[in-house]
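Here is a brief report on one predicted model. Read it alongside the sequence and coordinates.

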Amino acid sequence: MKILVTGGAGFIGGNFVHYMVNKYPEDMIVNLDKLTYAGNLETCKPVEDKPNYKFIKGDIADREFIMDLFEKEKFDVVVNFAAESHVDRSIEDPEIFVKTNVMGTTTLLDACVKYGIQRYHQVSTDEVYGDLPLDRPDLFFTENTPLHTSSPYSSAKASADLFVLAYHRTYGLPVTISRCSNNYGPYHFPEKLIPLIISRALNDETIPVYGTGENVRDWLHVYDHCVAIDLIVRKGRVGEVYNVGGHNERTNLEVVKTVLHALNKPESLITFVTDRKGHDMRYAIDPTKLETELGWKPKYTFDTGIPMTIQWYLDNKEWWENIISGEYQNYFEKMYVEKGRAKE
Ligand code: NAD
Ligand code: TYD
């Protein structure tokens, strides 16, 4: 099979590319990424010389480019991770979120219809359901929870999901959607909470906590997310949505304190800052459908996954230090353009 993975130079897409290239040597994994500020080809270093891996630089919202690519490459399966993914950036500048997350998705969908793809999988988020109140721990998001978004990011992701389902109903495109809770693990861009805490704490810098720090997120190790997507793509029912999450709810303050303790850093680094606008209170996923239908079971809990993740950041300082210094942005030039490895 030839599988197009978009956004494979990002955090989750990068982990998925590693997982797929190693697990399925008989499949060809094509990684298409625009290399925005969040795209880092150093993440793909461990697989870049594998015969079943190829990188192409490009924009999912560039219609002409996408149609040419599909004409040439004859993909069997498309897994779409490519997105603008940071809520804070979406509050500052929503437009690119519409362009990439909505129009990029519809461009891919059109190409999938035109070239008769076997399966299109959309990587979505639990943020499309909005948030839950802190005083109702009995409530969880199911696949039937109404979409009720809060941020420009989640609104763009929800719009994309609606287009994906409409392409199934209208054109019969074989689609699936996964909606996952907050991920953590290796290769996470240090603007997001957990790698931000680790990288700043290691440099003895303050840790900004928005508002009171009582907001709750449901944390899943990225490896378990990758396993879930692979299962859904191969065995999930067409036209269906699957929630992905492992019941690992923590307040932001608990997360910060856990990481600071593990690194032997003082809680005095915590600095409360102005809250995020429209800040969602609580996310909590009910993954029963994925567990019962497809037999998915997460390998890691928060308590086992976090120490491993911290160790990864300690062992791979160069990876995140290059991001903080901006050096990672030269990697494509150095490794791909000069060596003629990738097309622009
Ligand atoms: P990320 O920001 O780390 O990576 C996004 C990648 O997409 C980058 O490599 C970027 O260069 C690429 N990209 C952006 N615009 C593009 C475009 N127009 N064309 C081609 N490539 C483009 O994001 P992530 O955290 O890895 O998230 C991946 C997907 O998973 C997103 O769709 C996100 O909505 C979803 N998701 C993320 C989380 C999470 O906790 N991070 C949870 C649930 C779902
Ligand atoms: P983030 O990693 O941006 O993911 P999301 O907004 O998609 O959940 O943020 C996780 C939580 O941490 C969220 O409630 C916002 C909070 N947060 C902080 O308190 N300080 C920070 O510096 C960041 C980046 C996030």
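What follows covers the sheet, a helix lying across it, and a second helix with its surroundings.

**The sheet.** This model is predicted. Its open sheet has 7 strands, in the order E3-E2-E1-E4-E5-E6-E10. The pairing is parallel. E3 and E10 stand at the edges. Each has a single partner strand, so one side of each lacks a neighbour in the sheet. On average, neighbouring strands are turned by 20 degrees against each other, direction ignored.

Take one pair inside this order. E4 and E5 pair in the parallel sense over 4 bridges. Val 78 has Tyr 120 in E5 as its bridge partner.

Residue ranges for some of these strands:

| Strand | Residues |
|---|---|
| E3 | 53-57 |
| E4 | 77-80 |
| E5 | 119-125 |
| E10 | 240-244 |

**Helix H7.** Residues 222-235 form H7. This helix lies across E1, E4, E5, E6 and E10. H7 runs at about 145 degrees to E5.

**Helix H8.** Which residues of H8 are buried? In this helix, residues 252-262, they are Asn 252, Leu 253, Val 255, Val 256, Val 259 and Leu 260. Seen down the axis of H8, these buried residues fall within an arc of 160 degrees, so they line one face of the helix. An α-helix has 3.6 residues a turn, so residues three or four places apart point the same way.

The cover over the buried residues of H8 includes helices H6 and H10. Strands E8, E9, E11 and E12 are also among the covering elements. Just after H8, Asn 264 takes a positive phi of about 60 degrees.

Key
Residues are numbered from 1 along each chain as its sequence is written. Chains are lettered from A and ligands numbered from 1 in the order in which they are written. This is a predicted model: local features need pLDDT of at least 70, side-chain atom pairs count only at pLDDT 80 or more; totals for chains, interfaces and linings use all residues. Side-chain values use heavy atoms; hydrogens and water are left out. Buried means under 20% relative accessible area, exposed over 50%, partly exposed in between (1.4 Å probe, protein chains only). Helices (H or I, at least four residues) and strands (E, at least two) are DSSP runs, numbered from the N terminus. The arc is that of the directions from the helix axis to the C-beta atoms. Contact means heavy atoms within 4.5 Å. Two strands pair if DSSP finds at least two bridges between them. Axes are lines fitted to C-alpha atoms, for helices over the stretch in contact, and angles run from 0 to 180 degrees between N-to-C directions.
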